[in-house]
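Visitor: Could you take me through one part of this structure slowly? I'm in my first year, so plain words would help.

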Amino acid sequence: MSAWETNVRRVTPYTPGDQPDRPKMIKLNTNENPYPPAPGVEKALKEFQTDRLRLYPDPAASMLVNALAERYHVKKEQVFVGVGSDDVLAMAFLAFFHSQKPILFPDITYSFYPVWAEEFRIPYETVPLDQEFRMVKEDYFRENGGVIFPNPNAPTSLELGHKEAEEIIRHNQDAVVIVDEAYVDFGAESVLDLVEKYDNLLVVQTFSKSRSMAGMRIGFAVGSPLLIRYLNDVKYSFNSYTMSQAALSLGVQAVLDEEYFQETTKKIINTREQAKKRLAELGFTVLDSKTNFLFITHPKYDAKELYEALKKADIYVRYFGALRISQYLRVTVGTDEQMEALYTFLSRYTEG
Ligand SMILES: *Cc1c(COP(=O)(O)O)cnc(C)c1O
């Protein structure tokens with residue numbers, strides 16, 4: 001090893017899901033939305049004045065912040081935006097998890113959390129989910145340097161009730177609690193209503209799933225003005241211009257079209273509920289998802305082998321192969337047509 005290498009900040013990176021690009025593939029592996037963004041987004045893109053690219057964008061991202069503040073009935077001082085919620089979460093880890101005490105998160109959860117903790121040298125402890133993959137709220141009632149959990153959780157797809165989530169927040173008022181609501185728009189209950197009551201609560205959401213804009217990279221956080229100020233201090237000490245002019249202009253359009261948002265999320269919820277029945281009929285155990293994906297296992301078929309067989313048929317799902325979940329697959333809810341193709345494949349597979 002070269003001498004300089006001893007000075008390198010070594011990190012174990014997060015492994016994103018594959019982004020294969022095959023002509024007739026059915027892509028159900030990274031929880032993207034199968035429907036296009038709101039029509040206003042396409043219109044804004046077509047009318048976008050390229051001359052505006054000469055100029056730096058507004059560092060405060062005001063147009064997007066204001067649109068979000070209005071949509072979620074909070075003050076603009078309570079909104080922070082970033083380059084996808086991954087960016088927002090990374091900034092939040094850096095800003096708020098600065099204690100000698102370990103932060104807490106579930107043992108089975110978004111696999112980026114331990115990556116940021118390691119990268120920023122934040123001590124952490126994982127809290128086991130119970131046998132049914134549910135969070136046990138009491139396990140978070142102890143001293144810590146902060147708490148983060150997704151609600152609904154990923155990849156389990158299960159929701160922790162609003163009451164239980166609030167109890168975790170209530171027991172942890174000496175540290176920052178981050179609730180990652182990446183999937184909340186698919187029928188779960190948000191804790192956004194609690195940001196007025198708890199000034200240490202940060203709620204993080206994304207445009208990547210329910211607003212069909214994973215490719216644009218927009219995420220946001222809502223919290224007390226003080227939390228948001230600390231978050232902005234960290235942002236401005238990295239990069240003042242995280243949000244491109246395109247992201248700002250198109251993001252606003254996505255927020256304004258409430259009707260389209262309701263319509264597409266409802267479609268996905270309906271397809272998901274149908275999928276629960278169809279997959280159960282094929283012998284799968286399907287967790288009670290409140291997200292745009294399903295976490296499934298089959299008593300007779302090995303998950304890894306099934307994942308490989310699906311891949312050969314150009315149907316991509318996510319296999320983690322991690323402790324406790326090595327027999328599970330995570331399947332994104334696609335269009336009804338895509339799901340029919342999946343059921344057809346699976347009914348042949350489970351017969352043969
Ligand atoms: C998808 C996801 C994110 C990040 O999404 P972005 O595309 O970066 O906004 C964050 N948390 C969870 C739990 C997710 O599933």
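**A close look at a sheet and its neighbour**

Guide: Let's start with a pair of strands: β9 and strand β10 (residues 293–297) pair in the antiparallel sense, over two bridges. Keep in mind that this is a predicted model. As background, strands of a sheet pair through backbone hydrogen bonds, and the pairing can be parallel or antiparallel. Zooming in on one bridge, valine 286 has isoleucine 296 in β10 as its partner.

Now step back to the whole sheet. It is an open sheet of three strands, ordered β9-β10-β12, and the pairing is antiparallel. Which strands stand at the edges? They are β9 (285–286) and β12 (329–332); each has a single partner strand, so one side of each is left without a neighbour in the sheet.

Next, look at a residue that touches this region. Lysine 276 lies in helix α8 (residues 258–281). Leaving aside residues up to four places away in sequence, Lysine 276 touches Val286, Leu287, Asp288, Ser289 and Leu294. You met Val286 a moment ago, as the bridge partner of isoleucine 296. So is Lysine 276 buried or exposed? Its relative accessible area is 13%, and the cut-off for buried is under 20%, so Lysine 276 counts as buried.

To put it all together, follow the chain of links: Lysine 276 in helix α8 touches Val286, Val286 is bridged to isoleucine 296 in β10, and β10 sits between β9 and β12 in the strand order.

Definitions and conventions. Residues are numbered from 1 along each chain as its sequence is written. This is a predicted model: local features need pLDDT of at least 70, side-chain atom pairs count only at pLDDT 80 or more; totals for chains, interfaces and linings use all residues. Side-chain values use heavy atoms; hydrogens and water are left out. Helices (H or I, at least four residues) and strands (E, at least two) are DSSP runs, numbered from the N terminus. Buried means under 20% relative accessible area, exposed over 50%, partly exposed in between (1.4 Å probe, protein chains only). Contact means heavy atoms within 4.5 Å. Two strands pair if DSSP finds at least two bridges between them.
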